[in-house]
Amino acid sequence: MYREVILDHYKHPHNAGTLEHPDVSHEDTNPLCGDRIRIDLQIADGIVTDVRFLGRGCAISQASASLLTDEIIGKPVAEVAAFGKDDMLDLIGIPLDKNPVRIKCALLALKTLKTGVYGYLGAQLEDEDL
Ligand code: ZN
């Protein structure tokens with residue numbers, strides 16, 4: 001059922017762990033499946049310079065987090081904020097559209113990431129940006 005790349009990321013997650021002084025740190029859960037993911041980001045001059053994730057749960061949720069961290073490292077924060085659901089599903093590369101529980105597993109990492117990034121962008125707003 002799962003692509004080999006999913007199982008490989010699940011067994012050997014990329015960018016696993018936490019950062020000591022993250023600019024963004026957010027944790028979220030998917031109660032339908034019991035998945036939990038925390039994502040830490042280091043941001044310098046508007047670029048994601050480092051990323052780590054910590055999580056537990058099913059193969060889809062953890063592999064998605066691993067794939068997503070690979071995808072966003074070195075990217076501008078604005079581009080990360082614009083990364084969407086369809087981009088995430090393309091990245092995972094397996095059809096999940098008929099299974100709402102699996103979709104929540106697949107999107108948990110993205111939801112966690114974007115909630116953190118939007119909070120960060122909001123905190124950066126100056127009067128002249130309003
Ligand atoms: Zn799950």
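This briefing describes the fold, the surface and the zinc site of one protein chain. The model is predicted. The chain comprises 5 helices and 3 strands, and a zinc ion is coordinated by residues that include C33 and C105.

**Fold and dimensions**
- Along the sequence, the elements follow the order α-β-β-β-α-α-α-α.
- The radius of gyration is 14 Å, which agrees with the value near 14 Å for a compact globule of 130 residues.
- Along the principal axes, the C-alpha atoms occupy a box of roughly 50 × 30 × 25 Å.
- Of the contacts between residues at least 6 apart in sequence, 61% join residues at least 24 apart.

**Burial, surface and charge**
- Buried residues make up 41% of the 130 in the chain.
- The exposed area of the chain is about 7100 Å², and carbon and sulfur atoms supply 50% of this area.
- The chain carries 13 positive and 21 negative charges, and the mean positions of the two sets lie 12 Å apart.

**Zinc site**
- The donors to the zinc ion are the SG atoms of C33, C58 and C105, together with two OD entries for D35, at 2.1 to 2.8 Å.
- The spacing of these donor residues in sequence is C-x1-D-x22-C-x46-C.
- C33 and C105 link distant parts of the chain, being 72 residues apart: C33 lies in the loop between β1 (24-30) and β2 (35-44), whereas C105 belongs to helix α5 (residues 100-124).
- C33 is partly exposed, because its relative accessible area is 29%, which falls between the limits of 20% and 50%.
- C105 has 0% relative accessibility and therefore counts as buried.

Definitions and conventions: Residues are numbered from 1 along each chain as its sequence is written. This is a predicted model: local features need pLDDT of at least 70, side-chain atom pairs count only at pLDDT 80 or more; totals for chains, interfaces and linings use all residues. Side-chain values use heavy atoms; hydrogens and water are left out. Helices (H or I, at least four residues) and strands (E, at least two) are DSSP runs, numbered from the N terminus. The radius of gyration is taken over C-alpha atoms; the globule rule is 2.2 Å times the number of residues to the power 0.38. Buried means under 20% relative accessible area, exposed over 50%, partly exposed in between (1.4 Å probe, protein chains only). Contact means heavy atoms within 4.5 Å. Accessible areas come from the Shrake-Rupley method with a 1.4 Å probe; for residues, only the protein chains shown count as cover. Lys and Arg count as positive and Asp and Glu as negative; His and the chain ends are not counted. The place of a charge is taken as NZ of Lys, CZ of Arg, CG of Asp or CD of Glu. Donors are N, O and S atoms within 2.8 Å of the metal (3.2 Å for Na, K and Ca); water is not among the atoms, so sites may look incomplete.
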